[in-house]
Amino acid sequence: MDILHVTKDNFTTLLAEHPRLVLDFWATWCMPCKMLAPVLAEIAAERPDVAIGKVDVDESPELAAQFRVMSIPTLVYFRDGAAAEQTVGVIPKDRILEMIDNL
């Protein structure tokens, strides 16, 4: 599945369409975010059962504030429309997959 570009305008729709969703809060200037991007792209390609979305905190500060994102990258894991878990920083692929499997 392609990585979704998430904004305040499409967030609610995407959340309703994808029972399992992982949002990556990031910014173009963030080096750790750039390190995490290929890992998320791999997961998106390997796991069609989970949607991966990216929220640019500079473009959508409202969403970042809504989920109290203070540092990036931050991943927020959703199950059935509700935030279930949150991780901060660059974490290994196997840990992200473990979080997804526990959704």
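## A chain of charged partners

At 23% relative accessibility, R20 counts as partly exposed. This residue belongs to a group worth tracing in the predicted model: R20, R47, D49 and D101 are linked in a network of salt bridges. Side chains of opposite charge can pair when their charged atoms come close. Searching the whole structure turns up seven salt bridges, and the bullets below walk through the ones in this network.

**From R20 to D49**
- R20 pairs with D49 in a salt bridge, and their closest N and O atoms are 3.5 Å apart.
- This pair ties together distant parts of the chain, with the two positions 29 residues apart: R20 sits in strand β2 (residues 20-26), while D49 lies in the loop between α2 (31-46) and β3 (51-56).
- D49 has a relative accessible area of 39%, so it is partly exposed.

**From D49 to R47**
- D49 also forms a salt bridge with R47, where the closest N and O atoms are 3.0 Å apart.
- Is R47 buried or exposed? R47 counts as buried, because its relative accessibility is 17% and the cut-off for buried is under 20%.

**From R47 to D101**
- R47 forms a salt bridge with D101 too, and here the closest N and O atoms are 3.0 Å apart.
- Here again distant parts of the chain are linked: R47 is in the loop between α2 and β3, and D101 is in helix α4 (residues 93-101), 54 residues apart.
- D101 counts as partly exposed, at 48% relative accessibility.

How values were computed. Residues numbered from 1 in each chain as written. Predicted model: local features only at pLDDT ≥ 70, side-chain atom pairs only at ≥ 80, totals over all residues. Heavy atoms only, no water. Salt bridge = Lys/Arg side-chain N within 4 Å of Asp/Glu carboxyl O. Helix = DSSP H or I, 4+ residues; strand = E, 2+ residues; numbered from the N terminus. Buried < 20%, exposed > 50% of the residue type's maximum accessible area, 1.4 Å probe, protein only.
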